[in-house]
Structure formats: structure tokens, C-alpha cells
Amino acid sequence: MTFIEAAQAPLRKTGHIKLHGPEAFAAMRKAGHLTATLLDAVTPLVRPGVTTNEIDQFCFDFAMAHKAYPAPLDYRGFRKSVCTSINHVVCHGIPDDKPLREGDVINIDVTLIVEGWHGDSSRMYQVGAVSRRASRLIEVTYEALMRGIAAVKPGATTHDIGTAIQVFAEAERCSVVREFCGHGLGQLFHDEPNILHYSHKTSAIPLKPGMIFTIEPMLNLGRPHVKVLADGWTAVTRDRSLSAQFEHSIGVTETGAEIFTLSPAGLDLPPAQV
Ligand code: MF3
Ligand code: CO
Ligand code: CO
């Protein structure tokens, strides 16, 4: 292995699905807790007039103050500490100097590395008063994530997760984005397995205790199709319809799932602002 290969090693998927033990679960609990604490702490900052660069800076400072590292920073050329995806941006929005506006909905996606382990979670925040359709999309997307998590147990498969999400989303007249998926994580940011948010019977992977991965469905009010802008990151809905996303990091237990990124403040679904 050359130095360059060694430096890039943490970026590479391992090609097999790790089954983690109690020490890994303890480390993920710690990383997940700090990640969720940051998503809690950022809540009062999300208001009209604030720029996504200010949110990014707040998250960077929080990470430094807690001896954590924001995984997106310098990840495959990404230049910020968090992703901020507003309105029709599906995911991977890049923080900039544009102020948030009343009525915007924004996903803030945080990944903190704590003692070498990744906590990865995102939530939707409402900027001031938002439209009824926007707040409904947010509620449906949150419920879709939680139904996906509820499908997790030994003996079930990744297909059961995807089906739970897709069936609920489409019954609520929302569409499921196909181009991005959840992922294994731990000491790697993006590892096996891929967690698809729609039915995929022929490529289902059986779930086993010790697996650690994210579930992070993206739902659109319009059609499911996305495109990536010229910056190489920002994914938007092709029809410019609103998009929402929630993400938790979880571990498969003997009986179900443990959520590592639950909000200590009970803000998993951030409240509407009035
Ligand atoms: N946090 C995102 C995820 O859920 C990945 C962001 S990669 C970045 O997998 F480079 F855009 F930050
Ligand atoms: Co993720
Ligand atoms: Co994320």
C-alpha cells in the first residue's frame, strides 16, 4: 500500500458487510449522541435572514469544541462541514451566503466523527411559517423514515425497509428518490450495505444483528427524478417540486433496531415555527 492508498483507505468500501460487536455499538452511541445534540443545538439558528454558511460555521465550531470532526469537510472535494438542502434541493446542498427566507424548508445533514466513529443524521427545519403542503411533506417523510426503521429486525431484509418506506410514501401521494440511498457506516463514512428506500426484492440483503447503517429517505411532492447541478454536488428535483429528507444512524439488534441519533431534546421532528 502506498502513502496515497493509505490516505484514501478510509474512503473505500470494504466489499463485505461488517457485523459489529458491543464496543462498536458503544462508540456509535457516542458519535450518534453528539450528532443529534448538534442537530438540536442548530434548531434556534434556523430562521429568516440566517445564511447556510452561518449554519455551517456553527456546526464546524461545535465539532471543534467537542473534539469531533465534520466528515463532509474535504470529503471527495466537498468544501463545507454540513449539507444544507433547501426546498427543491434533494440532498448535498452546499452552504453559501444566501439568507434563508420565510417559508423555506431546509434539510441539515450532519456527520460527526467521534473517536473514529461516524454519526450521520439529518432533519427538516421550517423557516418561519411554511405552506401546508411543505409541512405535510415533512411529516410524511419523517413517518416514512420511522416506518423503515420499524421494519428492521433479524430475519427481515433491506427489501422490507424499502417496501415499508415506498408503500407509505406513495399512499401519501409522495414519490421516493431512487438515485441516493442509505449506507453502512462505522469507522467508514459510506460502507456496505446500500439501503434502498424502495422495493428491490431480487437484490434484498438479509439483516443480521451487528449491522450498522443509515436510513435516509428523500421524498418529493412531484416526480421522483433528480439531477445534479454543475457544482457536482447539489441534487435537485427535475420538476422543481419540493423535496424532504430525514436520516438516522441505526444498529441491528437481536430484536429490532437501536437508533444512535435520537434527539436528546425530543426534536427529531423539529416543530413548526409560528
Ligand atoms: N451525510 C450525507 C449522507 O447522508 C453525505 C454527505 S457527503 C458530502 O450520506 F460530501 F456531501 F458531505
Ligand atoms: Co448518510
Ligand atoms: Co447524512
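In this predicted model, H183 sits right across from N194, a residue of strand β8. The two strands involved are β7, covering residues 182-184, and β8, covering residues 191-195; they run antiparallel and are joined by 3 bridges. Put together, β7 and β8 make a hairpin, with 6 residues between them. As background, strands of a sheet pair through backbone hydrogen bonds, and the pairing can be parallel or antiparallel.

Strand β8 also holds a bit of a surprise. P193 is part of this strand, and the peptide bond leading into P193 from E192 is cis, with omega near 0°. Another backbone oddity turns up at R76, which is not a glycine and yet has a positive phi of about 50°. R76 belongs to the loop that runs between β1 (69-70) and β2 (83-86). Both features are worth a look because most residues other than glycine have a negative phi, and most peptide bonds are trans.

H183 comes up again around ligand 1. The ligand has 14 residues around it, and the ones that come nearest are P72, H183, H190, E216 and E247. Two of these names return in the list of polar contacts. The side chain of E216 has an N or O atom 2.8 Å from an oxygen atom of ligand 1, while for the side chain of E247 the distance from an N or O atom to a ligand oxygen is 3.0 Å. T111 joins in as well, with a polar side-chain atom lying 3.3 Å from a nitrogen atom of ligand 1. How much of the accessible area of ligand 1 does the protein cover? On its own the ligand has 340 Å² of accessible area, and the protein covers 97% of that. As for where all this happens, ligand 1 sits in the largest pocket.

Elsewhere, there is an open sheet of 3 strands, arranged in the order β3-β12-β11 with antiparallel pairing. The edges of this sheet are taken by β3 (89-91) and β11 (226-228); each has a single partner strand, so one side of each is left without a neighbour in the sheet. The sheet isn't flat-on from strand to strand, either: ignoring direction, neighbouring strands are turned by 40° against each other on average. Looking at one pair in detail, β3 and β12 (residues 235-237) pair in the antiparallel sense over 2 bridges. Within that pair, V89 stands opposite V236 of β12.

Terms used
Residues numbered from 1 in each chain as written. Chains lettered and ligands numbered in written order. Predicted model: local features only at pLDDT ≥ 70, side-chain atom pairs only at ≥ 80, totals over all residues. Heavy atoms only, no water. Pairing = 2+ DSSP bridges. Helix = DSSP H or I, 4+ residues; strand = E, 2+ residues; numbered from the N terminus. Axes fitted to C-alpha atoms, helices over the stretch in contact; angles between N-to-C directions. Near = heavy atom within 4 Å. Polar contact = N/O pair within 3.5 Å; in protein donor to acceptor, adjacent residues only side chain to side chain. Areas by Shrake-Rupley, 256 points an atom, 1.4 Å probe, with all protein chains shown as cover. 1 Å grid on protein atoms, 1.4 Å probe; cavity = no way out; pocket = protein on both sides within 12 Å on 5 of 7 lines; lining within 4 Å. Sits in = over half its atoms within 2 Å of the grid points.
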